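Open the model in your viewer and keep the selection tool at hand. The stops below say what to select next and what is there.

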Amino acid sequence: MDDARQGRSDRRFELAATVLLAMAAVATAWAAYQSARWHGEQAKAQSASIAARVESTRTANVANRQAQIDVALFTQWVDAYARDESKLADFYRKRFRTEFRPAFVAWVATRPRTNRRAPLSPFALPQYKLAATAQADRLEGQAAAFSTDVGRFIQRADDYSLTVVLFAAALFFAGISTRLRSPSARMVILGLGYALYLGSVIWIATFPVSLSV
């Protein structure tokens, strides 16, 4: 009778250990897959951040060249206007860039020759806006956002990697429990394995999931 009871107890224990081994193996594979996926997301975000920053720099350079053109033409216009060379002043004025003209008109309206409170140049007015500068700022903001995503994705990958270790530890406890002779020792080790597995499952359930489509 005792042998039969012991046999049933052993079979139940082996079944419990086998179930833990199977579940921990599947969970380990899932966590490893998710860790790889988030590393892939991190790599894509990093590439996007670099691309956006490069484009931002290129656009900022365009804005700088446009500003240099505006300054050069305005300086030549001021020189011609100061010497009362109206034809030459008109020549330069007609060549002002479209983005510069609203600021120039607003500056002239302040009567800078007689108004001491007038801005020193059109470039100090809010009407002077360069689309390239706005585009460069927008791209820089995108690059910063992608950089933030990189850090977040790395952390997610690291969290999944840690669960891989925890599930592997649960596998170890499940495997070693079947090698022990003492029933109490086997139950303690298997219980530790289940506790570790369940705790890891509860934790990993809070993680975001990345799937390839």
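Select Thr163 and show what surrounds its atoms: beyond its neighbours within four places in sequence, Thr163 is in contact with Ala31, Trp203, Ile204 and Phe207. The model is a predicted one. Thr163 sits in helix H4. Is Thr163 buried or exposed? With a relative accessible area of 0%, Thr163 is buried, because the cut-off for that class is under 20%.

Next, select Phe167. Residues up to four places away in sequence aside, Phe167 touches Ala24, Ala27, Thr28 and Ala31. Its other contacts of this kind are Tyr197, Ser200, Val201 and Ile204.

Now colour the largest nonpolar core, which has 19 residues. Which of its residues have the most contacts inside it? They are Tyr160, Phe167, Tyr197 and Ile204. Helix H1 (2–82), helix H4 (131–177) and helix H5 (183–204) are the elements that give two or more residues to this core. H1 supplies the largest share, 8 residues. Another core lies apart from this one and has 16 residues; Phe74, Trp77, Phe100 and Ala103 are among them. As a general point, nonpolar side chains in soluble globular proteins tend to be buried together.

Then show H4 and H5 alone. How do their axes lie, and how far apart? The two helices pack at an angle of about 160 degrees, and their axes are 8 Å apart. H4 is therefore roughly antiparallel to H5, since angles over 145 degrees fall in that class. In passing H5, H4 makes a left-handed crossing.

To see the contact itself, select on the H4 side Asp159, Tyr160, Leu162, Thr163, Leu166, Phe167, Ala169, Ala170, Phe173, Ala174, Ile176 and Ser177. On the H5 side, take residues including Arg186, Ile189, Leu190, Leu192, Gly193, Leu196 and Tyr197. Ser200, Val201, Trp203 and Ile204 of H5 also belong to the contact. Colour the selection by class: the contact of H4 with H5 has 17 nonpolar, 4 polar and 2 charged residues. Thr163 and Phe167, selected earlier, are among the H4 residues that make this contact.

For the last stop, go to Val78, which lies in helix H1. Val78 counts as partly exposed, because its relative accessibility is 33%. Add Ala89, which is 11 residues from Val78 along the chain. What separates the C-alpha atoms of Val78 and Ala89? The distance between these two atoms is 7.6 Å.

Notes. Residues numbered from 1 in each chain as written. Predicted model: local features only at pLDDT ≥ 70, side-chain atom pairs only at ≥ 80, totals over all residues. Heavy atoms only, no water. Core = buried A, V, L, I, M, F, W, Y, C linked by side-chain atoms within 4.5 Å. Buried < 20%, exposed > 50% of the residue type's maximum accessible area, 1.4 Å probe, protein only. Helix = DSSP H or I, 4+ residues; strand = E, 2+ residues; numbered from the N terminus. Contact = heavy atoms within 4.5 Å. Axes fitted to C-alpha atoms, helices over the stretch in contact; angles between N-to-C directions. Parallel < 35°, antiparallel > 145°, perpendicular 65-115°, else oblique. Left-handed = near helix turned anticlockwise from the far one by under 90°. Nonpolar A, V, L, I, M, F, W, Y, C, P; charged D, E, K, R; others polar.
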